[in-house]
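Here are some notes to read alongside the model, written for someone opening it for the first time. Have the viewer ready and click along.

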Amino acid sequence: MKTSITFKIVASGNEKIGSYRIPFIWFKGYFKKHGWKEITNKDKLAPDIYFCKGGQGEAATIRKKNSNAFIVLFKPHFEIPSFGFYLYNPKFIVKNFLDKIIFYKNSAKTYHHHDIMAANVLIADTRHIKTYLDQKYRKKTVYCRLVEPFPIKSNVNKVHNMKEITVLFHGSITHYNINF
């Protein structure tokens, strides 16, 4: 009898943001589609694999409770959000300032380090970050672009004399360039 791999997602985030949605919602659906079983908080079983998000402190907490746990850490690097279009939002500016100046030392950076040290595998979303993590932490690091599939509804087969194809990339050009 074939047993399926069990996994548990231990991460919080906003599904509207790709860096959370892709590794924790889309991958979860992909795993389930391929026969993996998700363990929820109601289940008393320990999963085969834990998927955590860096900087939330969950990987380190799991490692303290279960020294044999296999932990995969997505987004293990510390990201500082840019001000971008938020310049006109005073609440965002004040919150961002307080996060970076006051709370930075004690929370986010420490959590990222402890999570990285607790993880078995690190998932980096750029080649640059993968190289950095390989060199700094000497852990198994995998490069995985955060690209999700989307349904293509087109009438391409009705076009007969196509000499040029236009591709739309939605997102930051920095992310597009860094991945190729």
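Which residues are linked in a network of salt bridges? Keep that in mind for the first point; and remember throughout that this is a predicted model.

1. The network is made up of Lys-28, Lys-32 and Glu-38. Glu-38 sits in the middle of the story, since the salt bridges described here both involve its side chain: one goes to Lys-28, with the closest N and O atoms 3.8 Å apart, and another goes to Lys-32, at 3.1 Å from N to O. The cut-off is 4 Å, so the 3.8 Å contact with Lys-28 still counts.

2. Now look at where these partners sit. Glu-38 belongs to strand 2 (residues 37-38) while Lys-28 is in helix 1, so their salt bridge ties together parts that are 10 residues apart in sequence. Is Glu-38 buried or exposed? With a relative accessible area of 18%, Glu-38 is buried, the limit being under 20%. The lysines come out as partly exposed: Lys-28 has 26% relative accessibility, and Lys-32 has 43%.

3. How many salt bridges are there by this rule? The count comes to 4. One of them is far along the chain, in helix 5 (residues 127-137), where Asp-134 and Lys-130 are 4 residues apart, about one turn of the helix. Their side chains meet at 2.6 Å, N to O. An α-helix has 3.6 residues a turn, so residues three or four places apart point the same way. Asp-134 is partly exposed at 24% relative accessibility, and Lys-130 is partly exposed with a relative accessible area of 24%.

4. On to the rings. Searching the whole structure turns up 12 aromatic pairs. Take Phe-7 and Phe-31 as an example: they pair edge-to-face, with 5.5 Å centre to centre and 70 degrees between the planes. Why does this pair tie together parts that are 24 residues apart in sequence? Because Phe-7 lies in strand 1 (residues 6-10) and Phe-31 in helix 1 (residues 18-33). Both Phe-7 and Phe-31 are buried.

5. For a stacked pair, go to Trp-26 and Tyr-30: 5.6 Å centre to centre and 20 degrees between the planes. Here both partners are in helix 1, 4 residues apart, which is about one turn of the helix. Trp-26 is partly exposed, its relative accessible area being 28%; Tyr-30 is partly exposed too, at 39%.

6. It's worth selecting the aromatic cluster as a whole. Phe-7, Phe-24, Trp-26, Phe-27, Tyr-30, Phe-31, Trp-36, Phe-51 and Phe-74 form one cluster. So the edge-to-face pair and the stacked pair from the points above can be viewed together, as Phe-7, Phe-31, Trp-26 and Tyr-30 are among its members.

7. Last, a look at helix 2 (residues 58-65). Which of its residues are buried? They are Ala-59, Ala-60, Ile-62 and Arg-63. Viewed down the axis of helix 2, these buried residues fall within an arc of 160 degrees, so they line one face of the helix. Turn the model round to find the face directed away from that buried side: there you'll see the exposed residues Lys-64 and Lys-65.

Terms used: Residues numbered from 1 in each chain as written. Predicted model: local features only at pLDDT ≥ 70, side-chain atom pairs only at ≥ 80, totals over all residues. Heavy atoms only, no water. Buried < 20%, exposed > 50% of the residue type's maximum accessible area, 1.4 Å probe, protein only. Helix = DSSP H or I, 4+ residues; strand = E, 2+ residues; numbered from the N terminus. Arc of directions from axis to C-beta. Phe/Tyr/Trp six-rings, centres within 6.5 Å; stacked < 30°, edge-to-face > 60°.
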